[in-house]
Amino acid sequence: LALAGTQSGKTAVAIDWMDREIQEKGEGDYLMVSATFPLMNLRLLPDFLDVFEHMEHKGRWRDSDKLFEFNRGKTRVMFATGSNPESLESATAKAAVADEAGQKQFRREAREALLRRLLKNRGRILYPTTPYGLGWLKTELYDRAKEPNSGIEVISWPSVANPTISPEEIERLRGTLPGWKFRMFYEGK
């Protein structure tokens, strides 16, 4: 669980993580899941394509299928949404990114579907998100991470970890928001 502040670089971390998972686990299917398609199209998909298609030339994007296919054709990265858990069914994947899973649109049933899709390969899930509220992400991941042998690791960092974020602007926001909201959105707590 990568709980981090707004604009802190979560998406870049997720793309690097997925690249490493593919290198380690090899040929097969992988999942990149965002809360909604409009949200995916804003950052996750363009950043993924910048790295995998334009910089590293690993394959091509098939928009009609919401699928990135590697040049050799034996590895695919499928894109879906957490607001539509049924779109995840039937896949057998080796790893998944659940981007912005802390948003209300990212349903608990989507997490459960991801767990089923990764069962055969004992695949891992990375949840890069800002903590938007107290939902299933808190109770099923964050709270459980405190239990021994949960298999869940929580990593957290603030917005200012991104060197392009103005510390002065962060301090201005600290003075205008309730403490709990500032901690959630800008400290990833």
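**Notebook: surface, sheets and an aromatic cluster**

I began with the surface of the protein chain, whose accessible area comes to about 10100 Å², with 51% of that belonging to carbon and sulfur atoms. I note here that the model is predicted, and that every value below is computed from it.

**Overall form.** I looked up the secondary structure and found 6 helices and 9 strands in the protein chain. The radius of gyration is 17 Å, close to the 16 Å that the globule rule gives for 189 residues, so the chain is as compact as a globular protein of that length. Taken along the principal axes, the C-alpha atoms fill a box of roughly 50 × 35 × 25 Å. I then checked burial and contacts: buried residues make up 48% of the 189 residues, and, among contacts between residues at least 6 apart in sequence, 70% join residues at least 24 apart.

**The open sheet.** I followed a sheet of 3 strands, which is open, has the order β8-β1-β9 and is paired in parallel. Its edges are β8 (128–129) and β9 (155–157), each with a single partner strand, so one side of each is left without a neighbour in the sheet. Strand β1 (residues 2–4) pairs with β8 over 2 bridges in the parallel sense, and I located leucine 3 opposite threonine 129 in β8.

**Strand β5 and its partners.** I turned next to β5, in which 6 of the 7 residues are buried, so the strand is largely enclosed by the rest of the structure. On pairing, I found that strand β2 (residues 28–34) runs parallel to β5 and is joined to it by 7 bridges, with methionine 32 standing opposite phenylalanine 79. Strand β4 (residues 67–70) pairs with β5 in the antiparallel sense over 3 bridges, and there the bridge partner of glutamate 69 is arginine 76 in β5. I also inspected the connection between β4 and β5, which form a hairpin with 4 residues between them, and noted that glycine 73 in the turn has a positive phi of about 75°.

**Aromatic pairs.** How many aromatic pairs does the structure hold? I counted 11 of them. One of these is the edge-to-face pair of phenylalanine 48 and phenylalanine 79, at 5.1 Å centre to centre with 80° between the planes. This pair links distant parts of the chain, since phenylalanine 48 lies in helix α2 (residues 37–55) and phenylalanine 79 in strand β5 (residues 75–81), 31 residues apart. Phenylalanine 48 counts as buried because its relative accessibility is 0%, and phenylalanine 79, with a relative accessible area of 5%, is buried as well.

I then looked at tryptophan 61 and phenylalanine 79, whose ring centres are 5.2 Å apart and whose planes stand at 90°, so this pair is edge-to-face. Tryptophan 61 lies in strand β3 (residues 59–62) and phenylalanine 79 in β5, so the pair ties together parts that are 18 residues apart in sequence. For tryptophan 61 I read a relative accessible area of 17%, which means that the residue counts as buried, the cut-off being under 20%. Following the ring pairs further, I arrived at a cluster that links Phe48, Phe52, Trp61, Phe68, Phe70 and Phe79.

**Charges over rings.** Lastly I searched for lysines over aromatic rings. The charged end of lysine 58 sits over the ring of phenylalanine 52, 5.1 Å from its centre, and phenylalanine 52 belongs to the cluster noted above. Lysine 66 lies over the face of phenylalanine 37, at 5.7 Å from the ring centre.

Note on methods: Residues are numbered from 1 along each chain as its sequence is written. This is a predicted model: local features need pLDDT of at least 70, side-chain atom pairs count only at pLDDT 80 or more; totals for chains, interfaces and linings use all residues. Side-chain values use heavy atoms; hydrogens and water are left out. Rings of Phe, Tyr and Trp (its six-membered ring) pair if their centres lie within 6.5 Å; planes under 30 degrees apart count as stacked, over 60 as edge-to-face and the rest as tilted. Buried means under 20% relative accessible area, exposed over 50%, partly exposed in between (1.4 Å probe, protein chains only). A charge sits over a ring if NZ of Lys or CZ of Arg is within 6 Å of the ring centre and within 35 degrees of the ring normal. The radius of gyration is taken over C-alpha atoms; the globule rule is 2.2 Å times the number of residues to the power 0.38. Contact means heavy atoms within 4.5 Å. Accessible areas come from the Shrake-Rupley method with a 1.4 Å probe; for residues, only the protein chains shown count as cover. Two strands pair if DSSP finds at least two bridges between them.
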